[in-house]
Amino acid sequence: MARPGHGRSRSSSKEDEDEEGEDPLDALISRTGCVGQHRALQECMAQRQDWRHCQPQVRAFGECMAQRQRRP
């Protein structure tokens, strides 16, 4: 009988190294070209601890991502 779970075999050591490297979300954001806006938002959130105080950064990041989605 097969073991319960997701069915994926253990990853190789190279894949483990990649996973310990750059965060996949950070890599995805880097490819959008909106990394500057994302960093500004993260810094604001770290300082203010409340997204409501970071609305300019939230809007800038959202607008950048929206422009990225509109591009073919």
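## Overall picture

The chain folds into four helices and zero strands, and its elements run α-α-α-α from the N terminus on. Keep in mind as you read that this is a predicted model.

Of the 72 residues in the chain, 18% are buried. The chain exposes about 6300 Å², and carbon and sulfur atoms supply 50% of that area. Among the contacts with a separation of 6 or more, 34% are between residues 24 or more positions apart.

## Helix H3 and its two sides

Helix H3 is a good place to start a closer look. Helix H3 covers residues 35-48, which makes 14 residues. From its first C-alpha to its last it reaches 20 Å, close to the 20 Å expected at 1.5 Å a residue. Just after H3 comes glutamine 49, with a positive phi near 60°.

Which residues of H3 are buried? They are His38, Leu41 and Cys44. These residues lie on the same side of H3 because they cover an arc of only 125° around the axis. The spacing fits a general rule of helix geometry: an α-helix has 3.6 residues a turn, so residues three or four places apart point the same way. On the face turned away from this buried side, H3 carries the exposed residues Arg39, Glu43, Ala46 and Gln47. The cover over the buried residues of H3 includes helix H2 (24-32) and helix H4 (55-70).

## Histidine 38

Histidine 38 deserves a separate word. This residue lies in helix H3, and its relative accessible area is 12%, so histidine 38 is buried; the cut-off for that class is under 20%.

What does histidine 38 touch, not counting residues up to four places away in sequence? Its partners are Asp26, Ile29 and Phe61.

## Two disulfides

The count of disulfides comes to two. With bonded cysteines counted along the chain, they follow the pattern 1-4, 2-3.

One disulfide is formed by cysteine 34 and cysteine 64, with their sulfur atoms 2.0 Å apart. This link of cysteine 34 and cysteine 64 is left-handed, with -90° about the S-S bond. Cysteine 34 sits in the loop between H2 and H3 and cysteine 64 in helix H4, so the pair ties together parts that are 30 residues apart in sequence. Is cysteine 34 buried or exposed? Its relative accessibility is 0%, so cysteine 34 counts as buried. Cysteine 64 also counts as buried, because its relative accessibility is 11%. Leaving aside residues up to four places away in sequence, cysteine 64 touches Gly33, Cys34 and Gln37.

Cysteine 44 and cysteine 54 are joined by a disulfide too, with an S to S distance of 2.0 Å. The link of cysteine 44 and cysteine 54 is left-handed, with -90° about the S-S bond. Here cysteine 44 belongs to helix H3 and cysteine 54 to the loop between H3 and H4, 10 residues apart, and the pair links distant parts of the chain. Cysteine 44 counts as buried because its relative accessibility is 8%, and cysteine 54 counts as buried at 0%.

## The nonpolar core

How many residues does the largest nonpolar core have? It has seven: Ile29, Cys34, Leu41, Cys44, Cys54, Phe61 and Cys64. The elements that give two or more residues to this core are H3 and H4.

Several of these names have come up already. Leu41 and Cys44 are among the buried residues of H3, while Ile29 and Phe61 are among the residues that histidine 38 touches. The cysteines of the core can be traced through the disulfides as well: Cys34 is bonded to Cys64, and Cys44 to Cys54.

## Glutamine 67 and threonine 32

One last stop is helix H4, where glutamine 67 is found. Glutamine 67 counts as partly exposed, because its relative accessibility is 44%.

How far apart are the C-alpha atoms of glutamine 67 and threonine 32 in space? The distance is 9.6 Å, while the two residues are 35 residues apart in sequence.

Notes:
Residues numbered from 1 in each chain as written. Predicted model: local features only at pLDDT ≥ 70, side-chain atom pairs only at ≥ 80, totals over all residues. Heavy atoms only, no water. Expected span 1.5 Å × (residues − 1). Buried < 20%, exposed > 50% of the residue type's maximum accessible area, 1.4 Å probe, protein only. Arc of directions from axis to C-beta. Contact = heavy atoms within 4.5 Å. Disulfide = S-S within 2.5 Å. Core = buried A, V, L, I, M, F, W, Y, C linked by side-chain atoms within 4.5 Å. Areas by Shrake-Rupley, 256 points an atom, 1.4 Å probe, with all protein chains shown as cover.
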